[in-house]
Amino acid sequence: MPRIARLVVKGEPAVYHVISRTALDGFVMGDVEKEYLLNLIRRLSLVYFAEILGFCLMGTHFHVIARMHPGEEYDDEEIRRRFKLYYGNDPNRELQGGQIPVLREKWSSLSEYVKEVKQVFSRFYNKAHKRKGFFWSERFKSVIVENGETLINCLAYIDLNPIRAGIVKKPEQYRWCSLGYHVQSRNRDGFLSLDFGLAEFGVKDEKERLRYYRRFVYEMGSIRGVKKERQKDFELGGIDRFRYRTRYFTDSGIIGTKAFVERVYQDFKHHFTSRHEKRPKGIKGLEGVYSLKRLAENI
């Protein structure tokens, strides 16, 4: 079966939730590997037109939420600056005028950005562990995420990964997720964007945005007792979608409001082989959030 083409928005900034898993058995990424991967993601985001909003690095996989910007937003001088940042003072590397359009296109590409992250990490891992062969499994997954409420929901979902895995009790205690990075390093080097999609909610101050986001994560990740489960007849609601693993944030092609999903789908309908028009499906427990695909209810 041929691969379905990746859904990539052209000509305007777009947010993607990226997920990639290792092909190896066990929890192969320890503290050293996670730290290297984090620094790699951060370093390459300074070259590519990738605004990183959130991340979570686990023992078997990683999540990154990035807003990719089109190359048209950057002038030639900025391309030259990033070229020097990438290659340093290597005397064998000199930027030619004809390379600028090529680099402008490459550095705006989500696929190129993630491919380079994965390739460089694979070389590091294989050298460190004296091995050869593939490190990553199939190609990475990506979901187009709408700004605003859907984005903050998706960010909270990935920041709760270490809670669901039983590694820590609070997300700030986990060094390799965005909330841990914000709190433990005070967002060193301004690596993470504080645009959680909250500007439209009137939250302007950066410290206030972080406080608002922490409160949101804590509320969505709260643990209910048996009494409350009985009161809701053990029905899975919005909070449960964050406490347990859910496929909506990882396997949907597009996620957002109904209008957003319908609009973006029209740009990509030629990518699908189905003869029938796809319709956005509401996500149970997350009011106002829709998915392109109708996914199974099991979590």
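Which helix holds Lys-118? Lys-118 lies in helix α4. The legends below describe a predicted model.

**View 1. Lys-118 in helix α4 is a buried lysine.**
The relative accessible area of Lys-118 is 10%. Buried means under 20%, so Lys-118 falls in that class. The side chain of Lys-118 makes a polar contact of 2.9 Å with the side chain of Ser-20. Set aside the neighbours within four places in sequence, and Lys-118 is in contact with Ser-20, Phe-62, Trp-136, Glu-138, Arg-139 and Phe-140. Ser-20 therefore appears both as a polar partner and in this contact list, while Lys-118 itself counts as buried because its relative accessible area is 10%.

**View 2. One cavity of 30 Å³ or more turns up in a search of the whole structure.**
Its volume is about 50 Å³. Which elements give two or more residues to the lining? They are β3 (61–68) and α4 (110–128). Helix α4 supplies the largest share, four residues. The lining consists of Val-18, Ile-41, Phe-62, Val-64, Ala-66, Leu-110, Tyr-113, Val-114 and Val-117. By class, the lining has nine nonpolar residues, no polar ones and no charged ones. Phe-62 lines this cavity and is also in contact with Lys-118.

**View 3. His-63 sits in strand β3 and has side-chain polar contacts with two other histidines.**
Is His-63 buried or exposed? His-63 counts as buried, because its relative accessibility is 3%. One polar contact joins the side chains of His-63 and His-17 at 2.9 Å. Another joins the side chains of His-63 and His-61 at 3.2 Å.

**View 4. The second largest pocket has a volume of about 360 Å³.**
Its lining has 18 residues. Val-8, Val-9, Lys-10, Ser-108 and Ser-109 lie nearest the centre of the pocket. Three elements give two or more residues to this lining: β1 (14–21), α3 and α4. How does the lining divide by class, and what are the counts? There are seven nonpolar, six polar and five charged residues.

**View 5. Gln-99 belongs to helix α3 (residues 99–106).**
Gln-99 is partly exposed, because its relative accessible area is 31%. The side chain of Gln-99 reaches the backbone nitrogen of Gln-96 at 2.7 Å. Now look at Ile-79. Gln-99 and Ile-79 are 20 residues apart along the chain. Their C-alpha atoms are separated by 9.7 Å.

**View 6. Helix α5 (residues 149–159) is largely enclosed by the rest of the structure.**
Why is that said of α5? Ten of its eleven residues are buried, so the rest of the structure largely encloses the helix. The buried residues are Thr-150, Leu-151, Ile-152, Asn-153, Cys-154, Leu-155, Ala-156, Tyr-157, Ile-158 and Asp-159.

**View 7. Lys-130 and Asn-187 each have a positive phi.**
Most residues other than glycine have a negative phi. Lys-130 is not a glycine, yet its phi is positive, about 50°. Asn-187 also has a positive value, near 55°. Where do these two residues lie? Lys-130 is in the loop between α4 and β4 (141–145). Asn-187 is in the loop between α7 (178–185) and α8 (206–220). Lys-130 counts as exposed, because its relative accessibility is 77%. Asn-187 is buried, because its relative accessible area is 13%.

**View 8. The whole protein has twelve helices and seven strands.**
How much of the protein counts as buried? Of its 299 residues, 49% do. Take the contacts with a separation of 6 or more: residues 24 or more positions apart account for 69% of them. The protein exposes about 16300 Å². Carbon and sulfur atoms supply 50% of that area.

Note on methods
Residues are numbered from 1 along each chain as its sequence is written. This is a predicted model: local features need pLDDT of at least 70, side-chain atom pairs count only at pLDDT 80 or more; totals for chains, interfaces and linings use all residues. Side-chain values use heavy atoms; hydrogens and water are left out. On a 1 Å grid over the protein atoms alone, a cavity is a set of points where a 1.4 Å probe fits but cannot get out, and a pocket is an open set with protein on both sides within 12 Å along at least five of seven lines; lining residues have an atom within 4 Å of a point. Grid points are joined across faces, edges and corners, and a volume is the space filled by probe spheres set on the points. Ala, Val, Leu, Ile, Met, Phe, Trp, Tyr, Cys and Pro count as nonpolar, Asp, Glu, Lys and Arg as charged, and the others, Gly among them, as polar. Buried means under 20% relative accessible area, exposed over 50%, partly exposed in between (1.4 Å probe, protein chains only). A polar contact is a pair of N or O atoms within 3.5 Å; within protein, one must be able to donate a hydrogen and the other to accept it, and residues adjacent in sequence count only if both atoms are side-chain atoms. Contact means heavy atoms within 4.5 Å. Accessible areas come from the Shrake-Rupley method with a 1.4 Å probe; for residues, only the protein chains shown count as cover.
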